[in-house]
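Here are a few exercises to help you find your way around a new structure. Try each one yourself before you read the solution.

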Amino acid sequence: MALVLTEEQTLLRDSARGLISDKAPVSHLRQLRDAKDEAGFSRDLWRTFAEMGFSGLLVPEEFGGSGLGCVEAGIVMEEIGRTLMPSPFLATSVLAASALSRGGSAAQKSEYLPKLSAGSLLAALAIDEGTKHRPLQTKMQAVRSGNGFKLNGDKAFVVDGHTADLLIVAARTGGTAGEARGLTLFLVNPKAKGIATERTVMVDAHNAARVEFDNVEVDADSVLGEVDQGGALLEGVLNIGRGAVASEMVGLSEEVFGRTVTYLKERKQFGKAIGEFQALQHRAAQLYIDIEITRAAVLKALQALDADIEKAGLAIAVAKARAGTTATLAVQEGVQMHGGMGMTDQFDIGFFMKRARVCQELFGDSNFHADQLARAKSY
């Protein structure tokens, strides 16, 4: 498949770019941060997002969505990355919608997917329990109790978990930490008895949460997919999320590159624009090449997800690892080439550096995915 967007995908990109650049520039994030907004994002803007159909991109048409694919979700995420727009799109419209579409029962799909598509229900994926992304190391216990289960344990780094109306929680109904066998996904009401949620504002002014589960009771109808067989479903959903975050980092990297090139043309030193100095030209050229290679790798991975999600793991690992290293290079070069002012809070370039660092960690950093590739090649 060609590594270019179709006409329809280009129209989607232009539509998303027009809305996001107009309604959510970087100053929008700064305003939310400075005001210590309780939600951390604009609910009015999210309603507009939903009205334009973006919240239902991955929801099947029969449940009110567009029934599009990961490439289209990646297109929207790339535009979000350009302005660092705080939004529940990743948690709700990508991760939760994918989990329910792929693993939900007929009743679960009918209950939740129309609400996700309409933007009236916010959801979050509660997976990690430590400081690093290690889904197979899940220790949280789900013990059978009556007609259901009791959940005990803690979850960290739950993206937009403080505003969620629904949690999708990974817990162990069998096996031991490190095994895919024995993982089960549960749909949990975050207001249920025994749940304590603590909002954590991340370094990039986006939001996550710590969630504690103390003998939280869920019934058998809350199981998403099959008991003990949630590992494959979870990995597929995470790969979709990884592709989306990689797309966000492509948009972030390109925006930083554009801002930096503009600065190189405007900033004068020794009587001429600093962009005339060959050393800076070489660095800018290398960054441009890295971004374009990464863009191709990410688009290829998203296409692989849409073609056959079970065979897309290696392509996603390449894309997420490369997007992380490229975004890191882009923000480091951007800050350095902007000189001392690049380190100040009043200048927007620092926001991109902080977001790149968070995106690196989301669903596995470059080292995590490089290790995945190494393990795959060893067999």
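**Exercise 1.** Which cysteine sulfur is closest to the sulfur of Cys359, and how far away is it? Use what you find to work out where the search for disulfides ends up.

*Solution.* Keep in mind that you're looking at a predicted model.

- Step 1: Start from Cys359. The closest cysteine sulfur belongs to Cys70, and it sits 17 Å away.
- Step 2: Recall what kind of link we're after. A disulfide is a covalent bond between the sulfur atoms of two cysteines.
- Step 3: Compare with the cut-off. The two sulfur atoms would have to be within 2.5 Å, so 17 Å is too far for a bond from Cys359.
- Step 4: Turn it around. For Cys70, the closest cysteine sulfur is the one in Cys359, again at 17 Å and too far for a bond.
- Step 5: Check the total. Searching the whole structure gives zero disulfides.

**Exercise 2.** Decide whether Cys70 and Cys359 are buried or exposed.

*Solution.*

- Step 1: Get the cut-off. Buried means under 20% relative accessible area.
- Step 2: Cys70 has 8% relative accessibility, so Cys70 counts as buried.
- Step 3: Cys359 comes in at 0%, so Cys359 counts as buried too.
- Step 4: Zoom out to the chain. Of its 379 residues, 53% count as buried.

**Exercise 3.** Find out where Ile289 lies and what it forms together with Tyr288 and Ile293.

*Solution.*

- Step 1: Locate the residue. Ile289 is in helix H8, which covers residues 278-307.
- Step 2: Look at its exposure. Ile289 has a relative accessible area of 42% and is therefore partly exposed, because that label covers values between the 20% and 50% cut-offs.
- Step 3: Add the partners. Tyr288, Ile289 and Ile293 make up a nonpolar patch on the surface, and together they have about 290 Å² of accessible area.
- Step 4: Look further along the chain. Thr326 is 37 residues away from Ile289 in sequence, and their C-alpha atoms are 10.0 Å apart.

**Exercise 4.** How does the radius of gyration of the chain compare with that of a compact globule?

*Solution.*

- Step 1: Work out what to expect. For 379 residues, a compact globule would have a value near 21 Å.
- Step 2: Compare. The chain has 21 Å, so the two agree.
- Step 3: Add the dimensions. The C-alpha trace spans about 80 × 50 × 40 Å along its principal axes.
- Step 4: Count the building blocks. The chain has eleven helices and ten strands.
- Step 5: Finish with the surface. The accessible surface is about 16900 Å², and carbon and sulfur atoms account for 51% of it.

How values were computed. Residues numbered from 1 in each chain as written. Predicted model: local features only at pLDDT ≥ 70, side-chain atom pairs only at ≥ 80, totals over all residues. Heavy atoms only, no water. Patch = residues over 30% accessible without salt bridge, like charges linked within 9 Å, V, L, I, M, F, W, Y side chains within 5 Å. Areas by Shrake-Rupley, 256 points an atom, 1.4 Å probe, with all protein chains shown as cover. Salt bridge = Lys/Arg side-chain N within 4 Å of Asp/Glu carboxyl O. Helix = DSSP H or I, 4+ residues; strand = E, 2+ residues; numbered from the N terminus. Buried < 20%, exposed > 50% of the residue type's maximum accessible area, 1.4 Å probe, protein only. Rg over C-alpha atoms; globule rule 2.2 N^0.38 Å.
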